[in-house]
Every structure is written in structure tokens, then in C-alpha cells.
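Here's a quick briefing for anyone meeting this structure for the first time. Have a look at the sequence and the model, then read on.

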Amino acid sequence: MDSTNPSSIFAEYTKIIGQFKLPGINMGAVLEMRRKDIEALARANTTAFAGMQSLGQKQAEILRTTLTELQSVVTRLSTSGAQPAKAGEVVQSALHKALGDMQELANTAYRAQSDSLAVITKRAAEHVEELKTLLQPSK
């Protein structure tokens, strides 16, 4: 069984559930609910993974930019013999930029978590509605 493929996971689950017959319970509906649950979890995982990739890429971009700027500043300071006041301004500017970058990373992580949670929350609401329908007495 391929443990990362939702279809494969569901096929295994169907095989297990299909062995049991319970009077008054629509096993097809139960299986359909489980399939939707597995798909929702797979989407949530995919969303979370994409968010983490985005976060990693942003961190690498920030590191690359910071190192490039640092190299430029060191080169300028060493060739120009800059005054200490000028160096203080450069450090202050770098700190402000670093704080802005940290905020952007926090926002990226928040969006990734929020998107993943939205997928699971939506499926949970659907699941409740499906259970209500399934548990209603047959007419």
C-alpha cells in the first residue's frame, strides 16, 4: 500500500469496512464519508506542505538578500573609511529590515496554518451534516 496516496489509503479502508454488514446502516454512505475525510486530510497536508515550502523559500531569499547587503556594506565601509555614525545608521536600517522580514515570515506561516485548518474545518462541518442525514430514520 502506498501510504501517501489518498486513493490507496481509501481502497484499503474500503476493503476492511466492506467485510462488515450492519443492519440499518448504509455502509456505502459510511464509506463515502470516510473517503471525503481522507481526501480532506490529504488536501490539508498538501496545503500545509506548500505553506512550509513557501516559508522555506522566503527564508532562503531573506538570507540571500541579507548576505548580499552585508557584503556590500562591508565593502563600502572598508573602502571609504566610513564614520561610526554612518555605521550606526546602517545597523539601524538593517534591524528595521530584519524586523519587517520576520513579520512577513510570521504572516506566511499564519496563512499556511489558516489554509490547512480551513480545509479540515470545512470537512468537519460536512461530516456532521452527513451523520445527521445518515442517522435519520428511514421513511
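Let's start on the surface: Leu 63, Leu 67, Leu 70 and Val 74 make a nonpolar patch of about 380 Å². Patches here are built from residues with over 30% relative accessible area and no salt bridge; like charges are joined within 9 Å, and nonpolar side chains (Val, Leu, Ile, Met, Phe, Trp, Tyr) within 5 Å. Keep in mind that this is a predicted model, where local features need pLDDT of at least 70 and side-chain atom pairs count only at pLDDT 80 or more, while totals for chains, interfaces and linings use all residues. Residues are numbered from 1 along each chain as its sequence is written, and side-chain values use heavy atoms, with hydrogens and water left out.

**The patch and the surface**
- Leu 63, one of the patch residues, sits in helix H2, which covers residues 27–80.
- Leu 63 has a relative accessible area of 53%, so it counts as exposed (over 50%; buried means under 20%, and partly exposed is in between, with a 1.4 Å probe and protein chains only).
- The chain's accessible surface adds up to about 10,300 Å², and 62% of that belongs to carbon and sulfur atoms. These areas come from the Shrake-Rupley method with a 1.4 Å probe, and for residues only the protein chains shown count as cover.

**The overall build**
- The chain has three helices and zero strands, so reading from the N terminus you get α-α-α. Helices (H or I, at least four residues) and strands (E, at least two) are DSSP runs, numbered from the N terminus.
- Of the 139 residues in the chain, 19% are buried.
- Take the contacts (heavy atoms within 4.5 Å) with a separation of 6 or more: 75% of them are between residues 24 or more positions apart.

**How confident is the prediction?**
- The chain's mean pLDDT is 77, with 83% of its residues at 70 or more; pLDDT is the predictor's confidence in each residue, from 0 to 100.
- Among the elements, helix H1 (residues 6–17) has the lowest mean pLDDT, 71, and H2 has the highest, 80.

**A buried spot in H3**
- Thr 108 is part of helix H3, residues 84–135, and counts as buried at 9% relative accessibility.
- Which residues does Thr 108 touch, leaving aside its neighbours within four places in sequence? They are Gly 51, Ser 54 and Leu 55.

**Salt bridges**
- There are nine salt bridges in the structure, each one a side-chain nitrogen of Lys or Arg within 4 Å of a carboxyl oxygen of Asp or Glu.
- Arg 123 and Asp 37 form one of them, at 2.6 Å from N to O. Arg 123 lies in H3 and Asp 37 in H2, so this pair ties together parts that are 86 residues apart in sequence.
- Arg 123 is buried at 5% relative accessibility, and Asp 37 is buried too, at 15%.
- Arg 123 also meets Glu 126 in a salt bridge of 3.3 Å, N to O. Both residues lie in H3, three residues apart, which is about one turn of the helix.
- Glu 126 is partly exposed, with a relative accessible area of 28%. Salt bridges with shared partners join Lys 36, Asp 37, Lys 122, Arg 123, Glu 126 and Glu 130 into one network.
- Over in H2, Lys 58 and Glu 61 are three residues apart, about one helical turn, and they form a salt bridge with their closest N and O atoms 3.3 Å apart.
- Lys 58 is buried at 15%, whereas Glu 61 is partly exposed at 39%.
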